[in-house]
Amino acid sequence: MNKVFIIIFILFCSSCREPVNEDLYLFPKIPILNGIIRTGHLIQVHLSYTGLLDNTALETEEDAIIILSSSAGSDTLIYEGKGMYVSDLIAEADAYYECQVGILDKFFLSSVDSIPPLPVLTSVEYNAFAGVDEEGLTFPSVKVSFLNNPLVNSFYEIKIWLLGHGEANLIQITDPVLLKEGLPILLFKNENISSNSYTMTISYNSGTFDNNMPLVVELRSVSRNYYKYVRSKYIYELGRYPEFGKVTTPNSLYTNVNDGYGIFAGYSTVFSDTIYPQLHP
């Protein structure tokens, strides 16, 4: 038995010393266009290239011509460094955008997306004692109510921002719409909402022992491309960094860039008033 084990161990070690197949490095350099459009902000995109396995940073492109077209007009983006190009146009809700990229005489990329109308946030209710976690500590929740048109396919995302501390941690999912999405993130479609309004209860914590931090709830109406990309990004990260003991299947990121890779998508957004937990019983 020991001899068999030693032979297997030697074979395993010797196989680990085989040189990496150089063919893995022989793939073409392909441009990557990334731009997330946010209403009320200047539109900007980032341009880089796919890299080799041992690259620590992606190569960026500084000599491209990028033209942005929309119902509000067209604009040639200005290069600001580190692969970032910025437009003078401020993103608007319920608008269509097309991005065309020319890189010398080698590449031509294009992508389009439609930004949805502004969502309607009707109310946010705070509950200081929504439940008790495994350590016996209470955690809060918010009830987020918004309008919905069941005749129109819509996609939403909710963010809970703790002032001075970033995004809150999602504790558990009990909402049926979120459960049908199958991922522990606050991204969902209205396919399973049949009414003209909906209320979603979200339990969270701050990641510390202090759950009384002031907070703001953000409701985003996101494009279909944004929805597909964020879902694929979550699954992609699980494949890259799986939990110990779990086997995951590698997944690729969703892209809507023609003749390249990347994402060009966006959302319209509204914010609640600041909620101060200490003012609630």
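**Entry 1. Glu-167**

I looked up the contacts of Glu-167 in this predicted model. Setting aside neighbours within four places in sequence, I found Glu-167 in contact with Lys-159, Ile-160 and Trp-161. With one of these, Lys-159, there is a polar contact from side chain to side chain, at 3.5 Å. I placed Glu-167 in strand 12, which covers residues 166-167.

Is Glu-167 buried, exposed or partly exposed? I read a relative accessible area of 36% for Glu-167. Buried means under 20% and exposed means over 50%, with partly exposed in between, so Glu-167 is partly exposed.

I also checked the distance from Glu-167 to Tyr-204. The two are 37 residues apart in sequence, and their C-alpha atoms are 9.9 Å apart in space.

**Entry 2. Ser-87**

I turned next to Ser-87, which lies in strand 6, residues 84-90. Its relative accessibility is 1%, so I count Ser-87 as buried. What does the side chain of Ser-87 reach? I found it at 2.9 Å from the backbone nitrogen of Leu-89.

I then listed the contacts of Ser-87, again leaving out neighbours within four places in sequence. They are Leu-42, Ile-43, Leu-68, Asp-75 and Leu-77.

**Entry 3. The sheet with strands 9, 10, 15 and 13**

I traced an open sheet of four strands, in the order 9-10-15-13, with antiparallel pairing. Why do strand 9 and strand 13 each have one side without a neighbour in the sheet? Strand 9 (121-132) and strand 13 (169-170) stand at the edges and have a single partner strand each, so one side of each is left without a neighbour there.

I looked at the pairing of strand 9 with strand 10 in detail. Strand 10 spans residues 138-147, and eight bridges join it to strand 9, the two running antiparallel. As one position to check on screen, I noted Glu-125, whose bridge partner in strand 10 is Lys-143. For background, I noted that strands of a sheet pair through backbone hydrogen bonds, either parallel or antiparallel.

**Entry 4. The whole chain**

I closed with the totals. The protein chain has three helices and 17 strands. It holds 281 residues, of which 38% count as buried. I noted an accessible surface of about 16800 Å² for the protein chain, and 55% of that surface belongs to carbon and sulfur atoms. Taking contacts between residues at least 6 apart in sequence, I found that 66% join residues at least 24 apart.

Key:
Residues are numbered from 1 along each chain as its sequence is written. This is a predicted model: local features need pLDDT of at least 70, side-chain atom pairs count only at pLDDT 80 or more; totals for chains, interfaces and linings use all residues. Side-chain values use heavy atoms; hydrogens and water are left out. Buried means under 20% relative accessible area, exposed over 50%, partly exposed in between (1.4 Å probe, protein chains only). Contact means heavy atoms within 4.5 Å. Accessible areas come from the Shrake-Rupley method with a 1.4 Å probe; for residues, only the protein chains shown count as cover. A polar contact is a pair of N or O atoms within 3.5 Å; within protein, one must be able to donate a hydrogen and the other to accept it, and residues adjacent in sequence count only if both atoms are side-chain atoms. Two strands pair if DSSP finds at least two bridges between them.
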